[in-house]
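Please open the model in your viewer, with residue selection at hand, and follow the stops below in order.

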Amino acid sequence: MKRSLFARFWPNATAVGLFVVFVFPVYWMFSTAFKPTGDIISDDPVWFPTDATLAHFKKAMNADHFWTLVGNSLTVTVLSVAFSLIIALVASFALARMRFKGRRGFIIVFMIAQMAPWEVMVIAIYMLVRDSDMLNSLIPLTAFYMIMVLPFTILTLRGYVAAVPKELEESAMVDGCTRPQAFVKVIFPLLAPGLMATSLFGFITAWNEFPLVLILNKDIGAQTLPLWLSSFQTTFGDDWGATMAAASIFAVPILIVFVFLQRRAVSGLTAGAVKG
């Protein structure tokens, strides 16, 4: 009995410890955003805001170009995720269901592309965009963000497509569906967990990306929110209250998307799909 309790205690204690370690920086960010400046610069740490204020949030949201940058970030993020999902759906179906020459090579290329760090390609990307006369534009950002998340999206969805029994697709085709119709009516609804997971990954990747927009878009009107976070500086140093408020605002869309997608990704892959 004691051994059983001891065996269950340590995994739970470790899980709680890891939870605290990872959650504490997030708590500190949000709590600092509500603290008055005196509490932030105090020599003694203030664990809870004693006199909560929204002044830092007002300063952040009233900053120049704030709403323009919000629109830019949402535009490039949503479009890059949407385009990557459309392309990945077709590619993953081909890799999972069809047999063609070079199929294994395609999969290996996608894996290598997923492992390669994009930072080593920044110079080449800059020269390509510059020669195309598309600096300070959202179009290259959207295209390259889509390319960044595409290998992961294809490989992940390929696994989900392969896990769907072929008999379901064949049954739909026997009932009169063409292959595209069988994909749309049978396979696509069963890919919800994979679509949610890849959408979340793509959203986080595109939303947080910093180096490319720093190199490609020098015009403030064509930048995104990650660069905006570095703008809260004064003559005497960083404005930590406004910086934490800005970081909190920046993190809220990711939290919302995570909660929204996580709630819808728990259903079984083929639950209720087998015909009676």
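At the first stop, does Val21 count as buried or exposed? Select Val21 and keep in mind that this is a predicted model; at 54% relative accessibility, Val21 counts as exposed, because the cut-off for that class is over 50%. Val21 is placed in helix 1, which covers residues 2-34, and it belongs to a nonpolar patch on the surface. To see the whole patch, extend the selection to Val16, Leu18, Phe19, Val20, Val21, Phe22, Val23, Phe24, Trp47 and Phe48, which together have about 1,100 Å² of accessible area.

Before moving inward, show the chain as a cartoon, where the secondary structure comes to 13 helices and 2 strands. With a surface representation switched on, the accessible surface of the chain comes to about 16,400 Å², and carbon and sulfur atoms hold 70% of that area. Of the 276 residues in the chain, 36% are buried.

Next, hide the surface and select Leu191, Leu225 and Trp228, the residues with the most contacts inside the largest nonpolar core, which has 47 residues. Centre the view on Trp228 and, setting aside its neighbours within four places in sequence, display the residues in contact with it, which are Ala60, Ala63, Phe66, Leu69 and Ala246. A separate, second core of 12 residues can then be picked up through Ile125, Leu141, Met148 and Leu227, which are among its members. If you draw a contact map alongside, note that among the contacts in the chain with a separation of 6 or more, 71% are between residues 24 or more positions apart.

For the last stop, go to the loop between helix 6 (122-131) and helix 7 (138-163), and select Asp133 there. Most residues other than glycine have a negative phi. Asp133, however, has a positive phi of about 55 degrees without being a glycine. Is the residue buried or exposed at this point of the loop, Asp133? At 69% relative accessibility, Asp133 counts as exposed.

Stay with the loop between helix 6 and helix 7, and add Asn136 to the selection. Asn136, which is likewise a residue other than glycine, has a positive phi, near 60 degrees. Its relative accessibility is 35%, so Asn136 counts as partly exposed, whereas Asp133 counts as exposed.

Key:
Residues are numbered from 1 along each chain as its sequence is written. This is a predicted model: local features need pLDDT of at least 70, side-chain atom pairs count only at pLDDT 80 or more; totals for chains, interfaces and linings use all residues. Side-chain values use heavy atoms; hydrogens and water are left out. A nonpolar core is a set of buried Ala, Val, Leu, Ile, Met, Phe, Trp, Tyr and Cys residues joined through side-chain atoms within 4.5 Å. Buried means under 20% relative accessible area, exposed over 50%, partly exposed in between (1.4 Å probe, protein chains only). Contact means heavy atoms within 4.5 Å. Helices (H or I, at least four residues) and strands (E, at least two) are DSSP runs, numbered from the N terminus. Accessible areas come from the Shrake-Rupley method with a 1.4 Å probe; for residues, only the protein chains shown count as cover. Patches are made of residues with over 30% relative accessible area and no salt bridge: like charges are joined within 9 Å, nonpolar side chains (Val, Leu, Ile, Met, Phe, Trp, Tyr) within 5 Å. A salt bridge is a side-chain nitrogen of Lys or Arg within 4 Å of a carboxyl oxygen of Asp or Glu.
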